[in-house]
Amino acid sequence: MALEVIASGQACGAEIVNIDISKPVSDSNAEIIYHAFLEHQVIFFRNQEITPSDQRRVCSIFGEVGSYNRPKDRQHPKHASDEIMLISNVVEEGKVIGAHPDGEMMWHTDTPYLAKPHKATTLYSVEVPLIGGNTKFSNQYAVYEALPNNLKTELMGKIAMNCYEFGTTVKTFDKYDRKKVPHHPHPVLRKHPETGKTATYVCPLMTEEIIGMDEEESKNILSLIYALQAEARFIYEHVWNIGDVIIWDNRCLLHARTDFPKEERRLLKRVTVSDNHPVMAA
């Protein structure tokens with residue numbers, strides 16, 4: 001059967017069917033998959049059984065495999081890797097084997113605190129809870145289009161500061177300590193290097209201020225954008241099954257995780273794709 005792309009019918013997202021990605025992907029199918037990735041922003045494959053090398057090979061459709069930057073002292077020695085991050089609450093030898101083990105995680109994009117944020121992220125589900133632990137995706141092209149025209153004009157050329165302390169899933173404080181955490185400024189409005197579309201490029205977990213703007217005005221504008229990002233009309237929510245493989249475009253999407261019972265095991269394998277394009281202002 002021929003490869004097929006089935007749109008989610010929501011703000012973003014599509015399922016790719018009739019393919020076993022544990023096997024090499026033909027050039028023609030890779031082209032279809034990549035086009036779907038650009039068009040739908042997040043794509044997924046169900047009922048897959050893959051190895052870490054398979055996951056890295058699938059990533060090569062989208063670019064070079066990236067390093068995930070997790071501090072070495074926070075890696076479980078049995079599962080340490082420069083490329084594969086375990087997202088898990090599973091405990092072995094008295095230590096959690098993965099990152100971001102429990103609870104919800106606020107809206108964010110991956111690694112905007114770096115000069116060259118990752119282009120894409122892949123996750124492969126090995127164990128999933130019976131309820132919760134869903135991953136939600138927010139379409140930042142659509143959020144940009146929903147901004148008032150006067151605000152779009154005001155934000156053109158504006159830069160925001162992005163910071164992150166590894167392991168934070170819900171930010172309950174005002175600002176990270178920039179002397180201790182990675183941070184980098186990026187445009188509030190980002191031009192996608194391949195589609196040419198404009199997306200909002202701020203998020204509540206990591207963006208702290210619009211540089212050069214009055215503090216109160218900065219907070220108000222960011223709060224307005226954050227509220228839009230969380231609206232259901234801009235979101236696709238992925239309910240995980242074992243064997244799902246998902247790939248999303250960090251340049252135009254935010255993602256978040258819903259809560260799940262702590263006693264339920266959850267294990268996903270994460271590999272990112274690095275980006276050769278600079279972050280461009282709209």
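Two strands pair if DSSP finds at least two bridges between them. The exercises below apply this to a predicted model.

**Exercise 1.** Which residue in β17 is the bridge partner of L123, and how many bridges join β9 to β17?

Solution. Start with the single bridge: L123 has I246 as its partner in β17. Next, take the whole strand: β9 covers residues 120-127 and is joined to β17 by 5 bridges, running antiparallel. Then turn to β3 (residues 42-45), which is joined to β17 by 4 bridges, also antiparallel. In that pairing, F45 has V245 as its bridge partner.

**Exercise 2.** Are the faces of β17 covered or uncovered?

Solution. In a regular strand, side chains alternate between the two faces of the sheet. On one side of β17 are V245, I247 and D249, and on the other are I246 and W248; all are buried. The count for β17 (residues 245-249) is thus 5 buried residues of 5.

**Exercise 3.** Which strands are the edge strands of the open sheet β14-β13-β20?

Solution. The sheet has 3 strands, paired antiparallel in the order β14-β13-β20. An edge strand here pairs on one side only, as β14 (198-200) and β20 (280-281) do. Strand β13 (residues 189-191) is joined to β14 by 3 bridges. One of the partners is A199 in β14, which is matched with R190.

**Exercise 4.** Is T168 buried or exposed?

Solution. First locate T168: the residue sits in the loop between β11 (159-163) and β12 (183-187). Buried means under 20% relative accessible area. T168 has 12% relative accessibility, so T168 counts as buried. Its contacts, not counting residues up to four places away in sequence, are M105, F173, Y176 and L205. The T168 side chain also reaches the backbone oxygen of E165 at 2.9 Å.

Technical notes: Residues are numbered from 1 along each chain as its sequence is written. This is a predicted model: local features need pLDDT of at least 70, side-chain atom pairs count only at pLDDT 80 or more; totals for chains, interfaces and linings use all residues. Side-chain values use heavy atoms; hydrogens and water are left out. Helices (H or I, at least four residues) and strands (E, at least two) are DSSP runs, numbered from the N terminus. Buried means under 20% relative accessible area, exposed over 50%, partly exposed in between (1.4 Å probe, protein chains only). A polar contact is a pair of N or O atoms within 3.5 Å; within protein, one must be able to donate a hydrogen and the other to accept it, and residues adjacent in sequence count only if both atoms are side-chain atoms. Contact means heavy atoms within 4.5 Å.
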